Amino acid sequence: MKVETVGKLLIAAGALVFVYAQTMSVSIDDSGIANIHLMAERQNAVIFGGFLFLAGVILYAVFKLKQTKCGGLI
């Protein structure tokens, strides 16, 4: 599998995890009372999704820089 494909997959997975985390309910039975454990799970999912997204962006950018003729950083 190409590095570019892996980068795109990580970007998509990170975005999906982030969207999932933002739509998670943090209250019990929609009572309006926030549950600290559920809030911590949401925070962990947001952080994990962010790391996946950033890893995908870095892999994709490195792949594109290596394709240029001059190496990209001149």
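These legends go with several close-up views of one predicted protein model.

Because the model is predicted, local features need pLDDT of at least 70 and side-chain atom pairs count only at pLDDT 80 or more, while totals for chains, interfaces and linings use all residues. Residues are numbered from 1 along each chain as its sequence is written, and side-chain values use heavy atoms, with hydrogens and water left out.

**View 1. The whole chain: two helices and zero strands.**
Helices here are DSSP runs of H or I with at least four residues, strands are runs of E with at least two, and both are numbered from the N terminus. The radius of gyration is 17 Å, well over the 11 Å that the globule rule gives for 74 residues, so the chain is more spread out than a compact globule. That radius is taken over C-alpha atoms, and the rule itself is 2.2 Å times the number of residues to the power 0.38. Along the principal axes, the C-alpha atoms fill a box of roughly 60 × 25 × 15 Å. Of the 74 residues, 15% count as buried; buried means under 20% relative accessible area, exposed means over 50%, and partly exposed is in between (1.4 Å probe, protein chains only). If you look at contacts (heavy atoms within 4.5 Å), residues 24 or more positions apart make up 63% of those with a separation of 6 or more.

**View 2. The surface and its charges.**
About 5,600 Å² of the protein chain is exposed, and carbon and sulfur atoms supply 71% of that area. The areas come from the Shrake-Rupley method with a 1.4 Å probe, and for residues only the protein chains shown count as cover. On the charge side, there are 6 positive and 4 negative side chains, and the centres of the two sets lie 29 Å apart. Lys and Arg count as positive and Asp and Glu as negative, with His and the chain ends not counted. Each charge is placed at NZ of Lys, CZ of Arg, CG of Asp or CD of Glu.

**View 3. Glu4 and its two lysine partners, Lys8 and Lys64.**
Searching the whole structure turns up two salt bridges, each being a side-chain nitrogen of Lys or Arg within 4 Å of a carboxyl oxygen of Asp or Glu. One pairs Glu4 with Lys8, with the closest N and O atoms 3.8 Å apart. Both of these residues sit in helix 1 (residues 3-22), four residues apart, or about one turn of the helix. The other pairs Glu4 with Lys64, at 3.5 Å from N to O. This second pair ties together distant parts of the chain, as Glu4 is in helix 1 and Lys64 is in helix 2 (residues 36-67), 60 residues apart. Shared partners join Glu4, Lys8 and Lys64 into one network. Glu4 is buried at 16% relative accessible area, while Lys8 is partly exposed at 46% and Lys64 is partly exposed at 34%.

**View 4. Tyr60, across from the start of the chain's helix 1 residues Glu4, Gly7 and Lys8.**
Tyr60 belongs to helix 2 and is partly exposed, with a relative accessible area of 27%. Setting aside residues up to four places away in sequence, Tyr60 touches Glu4, Gly7 and Lys8. Counted the same way from the other side, Glu4 touches Tyr60, Phe63 and Lys64. The C-alpha atoms of Tyr60 and Leu10 are separated by 9.4 Å, with their positions 50 residues apart along the chain.

**View 5. Leu16, in helix 1.**
Leu16 is exposed, with a relative accessible area of 62%. From the C-alpha atom of Leu16 to that of Phe53 is 9.4 Å, for two residues 37 apart along the chain.

**View 6. Ser27 and Ala34, in the loop between helix 1 and helix 2.**
Ser27 counts as buried at 18% relative accessibility, whereas Ala34 is partly exposed at 46%. Leaving out neighbours within four places in sequence, Ser27 is in contact with Gly32, Ile33, Ala34 and Leu38. Ala34, for its part, touches Val26, Ser27 and Met39, not counting residues up to four places away. Ala34 and Ala61 are 27 residues apart in sequence and 39 Å apart in space, C-alpha to C-alpha.
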